[in-house]
Amino acid sequence: MADMSVPADLTAITLPDALTADIDRAGYYPALVGDVVKAALGTEKVFSHLVHQETTFDQDAVRRHITVFVRTGTRLLIAHADDFADPSGTTGTREVATATTECIPLSAVRGVMLTHVADDPSNYVPGSLGREMTLTIGWGAVSRVDLLPGQCGDPDCEGGDHGYEGTIAADDIGLRISAEAEGRAALDRAIEFARDLSSSIGH
């Protein structure tokens, strides 16, 4: 069994060159993201990974996020980091980054779903798999419950308590990867990671 202990000195842990290169290429606080992944990974061997950087627009602010997937022989590690403006700084507004990691046993991963988008499907080129893909991974660790007041079908109803109606949904994680925005290589890497993860679960 792999030694998953974490040395006190993170510099004693070395990530695979390909994973380090992808974190550096994303350009989102690579030193911080690398250390966060190291702290959660320890010395366990990495079999595959996926690094996805995304930019979103929040009112007048442009925000970046990064998500890193790492598959080891026993678990799926998910690291996510983003930043925000912290107005509590003594010298004015400053940037603060938060980074969260979660480790899921491979035996707990319930599904890997791929949604492919292809333009002009009548002229689809075999082997291309379209221009865009959404990767969704579900493990059912957290569920979301959405409740609304119950509706009554009687138009003459004067109110009353009809209870609540709701849905329960797994809090899955999904990433959208576009060849047009991020390049064909990024889409191919995502497909390769999804294939590897899919083949490693359900045993």
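Select α1 (17-26), β1 (48-58) and α4 (184-200): each of these elements supplies at least two residues of the lining of the largest pocket. Helices (H or I, at least four residues) and strands (E, at least two) are DSSP runs, numbered from the N terminus. The model is predicted, so local features need pLDDT of at least 70 and side-chain atom pairs count only at pLDDT 80 or more, while totals for chains, interfaces and linings use all residues. Residues are numbered from 1 along each chain as its sequence is written, and side-chain values use heavy atoms, with hydrogens and water left out.

**Stop 1: the largest pocket**

Show Asp22, Arg25, Ala26, Leu50, Val51, His52, Gln53, Ile177, Glu182, Ala185, Ala186 and Arg189, which line the largest pocket. A pocket is an open set of points on a 1 Å grid over the protein atoms alone, with protein on both sides within 12 Å along at least five of seven lines; lining residues have an atom within 4 Å of a point. The volume here is about 260 Å³, a volume being the space filled by probe spheres set on the points, with grid points joined across faces, edges and corners.

Colour β1 next: this strand gives the most to the lining, with 4 residues. Colouring by residue class divides the lining into 6 nonpolar, 2 polar and 4 charged residues. Ala, Val, Leu, Ile, Met, Phe, Trp, Tyr, Cys and Pro count as nonpolar, Asp, Glu, Lys and Arg as charged, and the others, Gly among them, as polar.

**Stop 2: the second largest pocket**

Move to β3 (75-86) and β4 (94-105). Each supplies at least two residues of the lining of the second largest pocket, and β4 gives the most, with 4 residues. For the full lining, select Ile78, Ala79, His80, Thr98, Thr100, Thr101, Glu102, Trp139 and Ile173. They enclose about 170 Å³ of space and divide into 4 nonpolar, 4 polar and 1 charged.

**Stop 3: the cavity**

Keep Ala79 and His80 selected, as both also appear in the lining of the largest cavity. A cavity is a set of grid points where a 1.4 Å probe fits but cannot get out. A search of the whole structure finds 1 cavity of 30 Å³ or more, and the largest cavity has a volume of about 30 Å³.

Add Val33, Val36, Ile66, Val68, Ala81 and Ala99 to complete this lining. The elements giving two or more residues to the lining are α2 (30-41), β2 (61-71) and β3. The largest share, 3 residues, comes from β3. By class, the lining holds 7 nonpolar residues, 1 polar and no charged.
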